[in-house]
Each structure stands twice: as C-alpha cells, then as structure tokens.
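Q: Could you take a close look at one part of this model for me, the second largest pocket, and then set it beside the other places where there is something to see?

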Amino acid sequence: MTQDVLIEVRDLEVCFDIKTKKLFRTEVQQLRAVDGVSFDIRRGETVGLVGESGSGKTTVGRAILRAIDPTDGDVIFHSRKRDVDLAHADAKELRGMRKKMGMVMGEGAHSISDMAHDLLRAFRPRMSLVFQDPYSSLNPRMTVRDIIAEPLIAGGLMRDRDQIDQRVREIAARCKLNLEHLRRFPHAFSGGQRQRICIARALVTKPDFVVCDESVSALDVSIQAEIVNLLKDLQDEMGVAFLFIAHDLSVVAQISHRVAVMYVGKFVEYAPTDSLFFKPRHPYTKALLSAIPQADPDATFNPMRLEGEIPNPLAAPSGCRFHTRCPMAQDICKAKVPEWRELAPEHFVACHFADEAE
Amino acid sequence: MLKVENLSISFQTDEGMITPVQNVSFAVQAGRTLGIVGESGSGKSVSTKALMKLLPGNSRVSDEARMTYTDKAGREVRIDQLRPKGRDIRRLRGGEIGMIFQEPMASFSPVYTIGNQMIEAIRLHQKVTKKEARAQAIAMLDKVGISNPVGRVDQYPHEMSGGMRQRAMIALALAARPALLIADEPTTALDVTIQAQVLELMADLQRDLGMGMIFITHDLGVIAQVAQDVAVMYLGTIVESGPTADVIRNPRHPYTQGLLKAIPSLDALHDRLSPVPGDIPSPNERPTGCPFHTRCSQRLQGLCDQQLPPTVPLGPNRSVACWLETPEHRTGAEVDAQQQIKQQEPAQ
C-alpha cells in the first residue's frame, strides 16, 4: 500500500430539507445526515465505514461520488495530474468530470462525447459504486455483456465494439465470471454471481476508487467470503481504493486497512483495523464490538448495554451525540462537542474521556 | 414437545416439481432452543411454515410425514392430519405455537394500532375482557423493554423504529403465551446493538416462561449464543445435528466445516477467508446422491454422487449424514491410514 492520499474529505456536511405539510403551511426542518466529517483515503487502500442504520454512512459514500450534493465542505480527489475539488465543481465542470471519471451514476454520465478520448489521456481519476442488492441493481432487459459495457459507453471511454468486447471479457474473467454467460440476462444468475457482475461493471473503467455500499450484506456467508476474497484480489491487481460501507463489523475487519465508526452523522473513531478492533477508545465502538455474536461456544457473549435507541438526527443531542446512551457520560459530554484528536499515530477519536477509556 | 419425522415438502411450479425439503426430522424440547442454520434456499423457513400449515396452495407435504405436538394440556396433536383452515390448527397457531417473522413491518397490519392487534390475539386465545387484554398487552410491551408502553400501545407500526417493531412483534407473539416459539430470522434485519438486545430479551423470556424455541438463522454466531441444539440444513436435508457447542467445536460434515471456516473471525484478521467452493445448486437441478457432493472436496467418486448418505448417529442427539462417517468407510480409512504409517516407519 502506498502512502499517497487519493481522496481527502474535509468538514463534509450534507443536509436534507424535510418538509412536513401542516394545515396551512409547510414546515421545513433541516436534517443533518452528515455533520462535519473529515478523513482521507489512500491509493489502493480499503477504508471500512461502519455504523448503525441512520448514521449517515451511505450519505458519506454518495457525497464523495457527488451522487448527492454536499451542503458544505470539500472532497478533494488527488489525481496524478492535478487536484480537483469535487464538492465545489460546478455543473458544467462536473459533467465533464463524470465523463472522465466514468462514473456509473448521474445525469451527465450518459452522453457520448467526442472529447472523451483526449480527456481520458489527460485525466484518469475514476470512481464508481457497487450496491447492496444485486437483484435490483441490474437491468433485467440487458445482457450481462451490455451491463458491464455500459460505463465504458456512458463515460465515452470507448466506442469501438471489438475494443469494448475485449475489455468486458478481460474484466469478466478477472471477476471469475464464465465468459460464455455474457450473453445471458441477469435472471439466470445466483446472488453471488450477480454481485460479481456488479463488481465487473464498477471496475470496467479501471477506476481509482470504488464505493461498496453494503455490497456483501445480502449474501450468504460462504458467498460473502468469496466476494471479500475477490475484492481483495482485484485491489492487489488493479490498485483500486475501496470505501467499504457495512454494518457487519467482522466482514469490515477482514477487508479493511483502516476503519471509521460513524454515529448520527459524525465520525467517532477512525483508526487502522488492528488498533480499532483490539484497542478501541470510544465507548460506542466498544459497545458495537461487544455486540458481535461469535461462533465460538467458549466465547462469553456479554454485550454492553446501550440505553434506548439511536437518536433522531432531526433532533440530534447536544455536545457529544452519544451522551444519551453512553455508560460513561458526564456533564461535560452534554455541554461540549468532543474534539476530533489523534490519540495514537493514525488513531483518531472524538471522546472527552478517550484517554481514560483504556 | 414437538417431534417432526420424515417431513418432505414439494412444490408444483411452472418448471416442474421441486422438493425444497426432503426427509427432515427434528425434535424440540420444552425450555430448550433448537437452532436451524443454513444458506438461503436450504429449506429452513419452508419446513417450519409446514408446522403452522402456512404453506401456499401449490405445495404438498409427503404422506409419510409425522408432526406430533404435545400441547399445554399434555394431549398429543398430529399437526400433519389437521386441515389447514380447521378450528384445531387455529387454536394451535398463536396460542400454542407462536411465530416471529423476519420482516416486522410486513407482519403487522399497518391500519391497526399495536395495541389493537395484541388485544385481538390475546382475546382469541383467552377469555378476558378488552380492558384486561389491554392491561396484558401493556405489561407484555413493558416486558420486552419498550419504554412508555402506555403511550406506545396506541401507536401504529410505522411510528416505531425497526428495533422497536421487532420487539413489539415478539410481544405480540408472546401475548397469547405460546408453549413453543418459532423465530424465523428475527434479528437479521437489525443492527448489532439492537440484535444483542433482542437476543438477550428472548433468552430472558424463555427462562421466565419455559418455552421451547426454534430459532432459524443463517448466522452461526447467533446460533452459538442462543441455541442449545443445532441442525445444519443444506438443500432441504439436515446434514448434521447435535448439541451446539459440540457441532461447532467438532463439525463432522464437510459442509458444516466449510461454513464455519467461511465466517470472518476477529482472531484471524489477516488470514484469507476460505469460502465453500461453488454455488448452491438451484432447486430444480438437485444433484443425485449426497446433495453436497458437487461442492465437497472429500467426495468419494462413485458413492457420494450416486447414493444418498445414511444418517449416522454419533452419540446422544448427535448425527451426521455423510458417507465419510459410515462405519464401513471409517474403518476403511483408518486401516488405510495405519498402513501408510506402517509403510513410513521402516523407511525412517
């Protein structure tokens, strides 16, 4: 793993307007799904992002890809040539960039441009996305070959049929798909095979960065293991960086170099995998880890008791957002937002008592 | 309290007859939990739905199937002989055998309050007034750890969060005080911290009420924590069963071994995961012989792919369906191994 930063996220904020219709007026409330998140992702590394449902982890992934617009903050993509600020790129610039990046989603991504080849040479940063549900993310009316080829055509990267065919076959082989099956339609495949098609589609443009949003959560354990191994192999071969979003901590531990833990729109801890799993500093991380049931009859299962439920992000608690459920909460936790600090090399945590938490 | 023998279920589909469950036998004792574990399509949900007579119309339960349930009064009921819409099975459903489904949103009616639905279930099985039933419902919601049960009882399902809905679902299932609870993936859709709460709650309630429980899941970690006994299913057959600790420590069937190896563990962070090779065959392309032979690394050519392996008893309540464990083969393998050792010895 090289040390150079690929994506730099600075104070990212994403707000949604929630409109409630009252009798004579519409009430607008702001939901801060992501509230000031900063981290970086290096070339060829996997960053795991865990958190419970509603913590905003999917929104972080989407905002980095600019599939939704961040309200504030910067997402800087360090291409080999020049840095690009994704959060501030305007519509025209973004449209051009999406083509260059071969992004699978987005309104600007579907036109074929004559410029693409020139731009491609000048500019090679690319990113894409693998979704959770391999059943609903593949168009049932397209053949597997067309599905995998679509990002190439949509991004205007290739126009020659033979060239596209060659690239599709190359990536399909890497994803361990049977090349004879490329003419079939998605319904003929099992969940594991479909997820491999989704991965092939995400990687066909040879991106630098792929967001995997709960990509293995819907799969059975043995298939899950297969996909995790495949992602690792593809990373070694192609040097792609992954943002691996999941709620299953043991899978994240297996695949990630570094892991971030999110709680109600904020990062609470970000550290190298070993350090996070074996020396967690934040009480929320500890609670999550204690709640994983281990397939070992000798292991004692004694999950840390968290009072209540995840707070509603519309009315996020003051100070440290975890104070309502934290067993160690003091008065300062209610009053003051804990600072995001580096306790050990590369081990970031936001807790007033992280030093004592050991 | 419940004994199922030789249960086979087949479905008539457009592509012909498929048999998702074949010759399954298991038993549940009062106060104990039987875990059923298997991948999707292994027939674990279908076989428990047969217990409640909730299978769709195009299904057929084999004639030799025997499902015997001993009810609260100590009478034996042959579930397989009951009519699916008859009065007797309706008395069993809910009152004797409760069920929790995976998706709590789909199993509540969206147009009635939680309280109304619980009161209905309670009054169906007990002769109480509406007021008494409501008090029982509130007490049950309190028991499953829902804060402010007096207020929550008049809420609609959509007003609750996922974890709370699942707890309300458990409260609903327990409101009629069943003697046996079937929980079909009750925690799969929940976050880990909520899952831990629900598992703890179910264990507490089981201790208090002395229920028998069937816990269906694909997560061996959950099974290890909640179930005393486990049955591992693959393509509609039970390949291995026994006390949970024993099965997990010393798995004998190659499929159980593979499944355990495929689980990511925090103890082996940097090791490569070892998936069970190959895909689960589709139900209409059921392999002949042992259903697992297409993916098994230890298969015996000419035996495993032709003949169904017998169920070999390994001890009290412990059995495995694998040719490798049959006495003839085991002794054969041991003789081979001893010969190899003897051949090596003189060389040293």
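A: Before sorting any lining, let's fix the classes: Ala, Val, Leu, Ile, Met, Phe, Trp, Tyr, Cys and Pro count as nonpolar, Asp, Glu, Lys and Arg as charged, and the others, Gly among them, as polar. Keep in mind that this is a predicted model.

With those classes, the lining of the second largest pocket splits into 11 nonpolar, 8 polar and 8 charged residues. That makes 27 lining residues, and the ones nearest the pocket's centre are B:R93, B:G94, B:A121, B:L124 and B:H125. By the classes above, B:R93 counts as charged, B:G94 as polar, and B:A121 and B:L124 as nonpolar. As for volume, you're looking at about 920 Å³.

Where does the wall come from? In chain B, α2 (87-92), β7 (97-100), α4 (114-125) and α7 each put in at least two residues. α4(B) gives the largest share of this lining, 6 residues.

Now follow α7 of chain B, since α7 (162-175) also turns up on the side of chain B that touches chain A, but let's start with the contact as a whole. It takes 41 residues from chain B and 42 residues from chain A. Within chain B, the biggest losses of area to chain A fall on B:Q225, B:L266 and B:L269, together 18% of what that side buries. The two chains bury about 3,600 Å² between them, with 54% of it on carbon and sulfur atoms.

On the polar side, the chains share 6 residue pairs in polar contact, both residues at pLDDT 80 or more. Elements giving two or more residues to chain B's side are α7 (162-175), α8 (192-209), α9 (220-226), α10 (244-249) and α11 (254-262). α8(B) gives the most, with 8 residues. Sorted by class, that side has 20 nonpolar, 12 polar and 9 charged residues. The salt bridge count between the chains is 1: A:D233 pairs with B:R272, and their closest N and O atoms sit 3.0 Å apart.

Finally, the enclosed spaces. There are 5 cavities of 30 Å³ or more, and the largest has a volume of about 60 Å³. Its lining is made of A:H282, A:P283, A:C320, A:F322, A:C326, A:M328, A:A329, A:C333, A:C351, A:H352 and A:F353. By class, that's 9 nonpolar, 2 polar and no charged residues, whereas the lining of the second largest pocket includes 8 charged ones.

Definitions and conventions. Residues numbered from 1 in each chain as written. Chains lettered and ligands numbered in written order. Predicted model: local features only at pLDDT ≥ 70, side-chain atom pairs only at ≥ 80, totals over all residues. Heavy atoms only, no water. Contact = heavy atoms within 4.5 Å. Buried area = accessible area lost by both parts, 1.4 Å probe. Salt bridge = Lys/Arg side-chain N within 4 Å of Asp/Glu carboxyl O. Polar contact = N/O pair within 3.5 Å; in protein donor to acceptor, adjacent residues only side chain to side chain. Helix = DSSP H or I, 4+ residues; strand = E, 2+ residues; numbered from the N terminus. 1 Å grid on protein atoms, 1.4 Å probe; cavity = no way out; pocket = protein on both sides within 12 Å on 5 of 7 lines; lining within 4 Å. Points joined across faces, edges and corners; volume = space filled by probe spheres on them.
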